[in-house]
Amino acid sequence: MEIKLNSPLDMHLHLRDGEMLGLTVPSSSKTFSGALVMPNLTPPLTSASSVLEYSGRIKEHSSGDVFTPYMTLFFKNSYTREFLHDIKDKILAVKLYTAGATTNSEDGISLPIGDDTLEVIGMLEELGIPLSVHGETTGFVLERETEFAAAYDELASSFPKLKIVMEHITTTTLAELLGRRENLFATITLHHLLITLDDVIGGALSPHNFCKPVAKSPRDREALRHLALSAHPKVMFGSDSAPHPRDKKESCCGAAGIFHAPFALQLLATIFEGAGKLENLQGFVSDNARAIYDIDPPPKTVVLEKKPFTIPKTCGGVVPFLGGSTLEWSIKEVS
Ligand code: NCD
Ligand code: ZN
């Protein structure tokens with residue numbers, strides 16, 4: 001059995017910087033046609049020059065692969081209309097983090113959302129720049145996303161022309177909210193389709209399954225699987241592949257982030273075929289994102305075949321998600 005995917009897109013990806021680009025960029029550029037690149041570097045991407053230079057470094061590492069890095073800018077309350085107007089054609093979205101919610105988010109906004117933040121969000125609406133959001137409070141870890149739902153609802157109604165992407169949703173609450181506001185969209189990761197909190201702390205502590213937002217209950221996972229497997233038109237694939245070196249994960253203060261970009265399509269094909277929904281994979285992994293972000297990614301055809309593939313136990317100093325396990329699908333050809 002085979003499946004052919006046209007221009008797969010990963011609409012939430014962490015490529016890091018420096019030496020790590022040697023691992024991360026080819027891991028995605030080989031099989032994806034484009035990716036939305038997250039700006040939570042240290043320091044975060046907050047200027048036109050830093051966005052352009054970073055995009056240049058990414059392209060240098062993609063070694064001739066057909067691959068478009070769609071860039072994001074880290075949301076700051078200090079942005080002016082002129083600045084956003086000038087940077088608009090260099091980015092696809094502005095990414096808003098709540099301070100302290102995740103890796104390298106210290107420079108994010110504080111909650112409740114203040115007038116200075118709303119003013120900048122109003123500029124984004126006016127300029128037609130989508131807002132991508134890490135929607136979590138800093139409350140009790142299992143309630144953080146649900147606590148942020150009211151903020152999503154309020155933003156969506158106050159700025160009806162603004163496209164708001166709820167990143168890496170993990171709860172039934174947000175899965176339901178998606179249907180209630182026309183201008184709310186969502187990404188769903190790979191790992192949240194597969195694991196629950198039990199796979200992180202239910203048995204032995206599993207640092208390589210630890211990410212933000214943390215995986216939730218089987219019921220939440222079911223709601224996400226329903227959206228993804230039906231290729232709900234408001235939902236896109238965003239892997240949230242976010243590598244950290246092994247020693248930063250296997251530590252007394254372990255970093256949040258899961259790495260699986262090089263095996264994302266093999267894993268997705270295994271999940272979709274297992275559920276009898278292989279025909280919806282193209283929508284989830286490309287067509288929905290094209291429509292939502294109004295992009296035309298470069299042509300790339302990926303043929304996957306039903307043939308066992310074993311995920312390596314390590315990749316350049318990073319332990320990948322499900323390392324050592326065997327999947328039912330492999331990449332046959334990329335053209
Ligand atoms: C991401 C990272 O490491 O940059 N970590 C994660 O657990 N997902 C940041 C993020 O997307 O929250
Ligand atoms: Zn992320």
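These are my notebook entries on what I looked up in this predicted model.

**Entry 1: the zinc site**

I began with the metal. Which residues hold the zinc ion (ligand 2)? I found His12 and His14, each through NE2, and Asp240 through OD, at 2.0 to 2.1 Å. Along the sequence I read the donor spacing as H-x1-H-x225-D.

Next I looked at the geometry of the site. The angles among the four donor atoms run from 93 to 136°. I wrote the site down as irregular, because four donors count as tetrahedral only if all angles lie between 85 and 135 degrees. For my own reference, the ideal angle for four tetrahedral donors is 109.5 degrees.

Are the donor residues buried or exposed? His12 has a relative accessible area of 1%, so I count His12 as buried. His14 is buried too, at 7% relative accessibility. Asp240 comes out at 6%, and is therefore also buried. The cut-off I used for buried is under 20% relative accessible area.

I stayed with Asp240 a little longer. This residue sits in the loop between strand 9 and helix 9 (246-249). Its phi is positive, about 60°, although Asp240 is not a glycine.

**Entry 2: cavities**

How many cavities of 30 Å³ or more does the structure hold? I noted three. The largest cavity has about 110 Å³ of space. Of the 16 residues lining the largest cavity, those closest to its centre are His14, Thr102, Lys212, Asp240 and Ala242. I recognised two names from my first entry here: His14 and Asp240 are also zinc donors.

**Entry 3: cis peptide bonds**

Lys212, from the cavity list, came up again when I went through the backbone. The peptide bond from Lys212 to Pro213 is cis, and omega is near -10°. I placed Pro213 in the loop between helix 7 (198-202) and helix 8.

I noted another cis bond between Thr42 and Pro43, where omega is about -5°. Pro43 belongs to the loop that links strand 3 (34-37) to helix 2 (48-61).

**Entry 4: another positive phi**

Ser7 is not a glycine, yet its phi is positive, about 45°. Where does Ser7 lie? I found Ser7 in the loop between strand 1 (2-6) and strand 2 (9-13). With a relative accessibility of 4%, Ser7 is buried.

**Entry 5: helix 11**

I then walked along helix 11, residues 281-293. Its 13 residues reach 18 Å from the first C-alpha to the last, close to the 18 Å expected at 1.5 Å a residue. I also looked for a bend, and helix 11 turns by about 40° at Asp287.

Why do I call helix 11 largely enclosed by the rest of the structure? Ten of its 13 residues are buried, so that description holds. Among the buried ones I listed Leu281, Phe284, Val285, Ile292 and Tyr293. Polar names are on the buried list as well, including Gln282, Ser286 and Asn288. Just after helix 11 comes Asp294, with a positive phi near 55°.

**Entry 6: single residues and distances**

I closed with a few spot checks, taking C-alpha distances as I went.

- Val25 is in helix 1 (residues 21-29). Its relative accessibility is 0%, so I marked Val25 as buried. Val25 and Asp65 are 40 residues apart in sequence, and their C-alpha atoms are 9.9 Å apart in space.
- Lys76 is in the loop between strand 4 (68-74) and helix 3 (81-87). Its relative accessible area is 25%, so I marked Lys76 as partly exposed. From Lys76 to Thr146 I count 70 residues in sequence and 24 Å in space, C-alpha to C-alpha.
- Ser230 is in the loop between helix 8 (218-229) and strand 9 (235-237). At 37% relative accessibility, Ser230 counts as partly exposed. Ser230 and Phe75 lie 155 residues apart along the chain, with 32 Å between their C-alpha atoms.

Definitions and conventions. Residues are numbered from 1 along each chain as its sequence is written. Chains are lettered from A and ligands numbered from 1 in the order in which they are written. This is a predicted model: local features need pLDDT of at least 70, side-chain atom pairs count only at pLDDT 80 or more; totals for chains, interfaces and linings use all residues. Side-chain values use heavy atoms; hydrogens and water are left out. Helices (H or I, at least four residues) and strands (E, at least two) are DSSP runs, numbered from the N terminus. The expected span of a helix is 1.5 Å times one less than its number of residues. The bend at a residue is the angle between axes fitted to the seven residues ending there and the seven starting there. Buried means under 20% relative accessible area, exposed over 50%, partly exposed in between (1.4 Å probe, protein chains only). Donors are N, O and S atoms within 2.8 Å of the metal (3.2 Å for Na, K and Ca); water is not among the atoms, so sites may look incomplete. Four donors count as tetrahedral if all angles lie between 85 and 135 degrees; four count as square planar and six as octahedral if opposite donors are over 155 degrees apart and all others between 65 and 115; anything else is irregular. On a 1 Å grid over the protein atoms alone, a cavity is a set of points where a 1.4 Å probe fits but cannot get out, and a pocket is an open set with protein on both sides within 12 Å along at least five of seven lines; lining residues have an atom within 4 Å of a point. Grid points are joined across faces, edges and corners, and a volume is the space filled by probe spheres set on the points.
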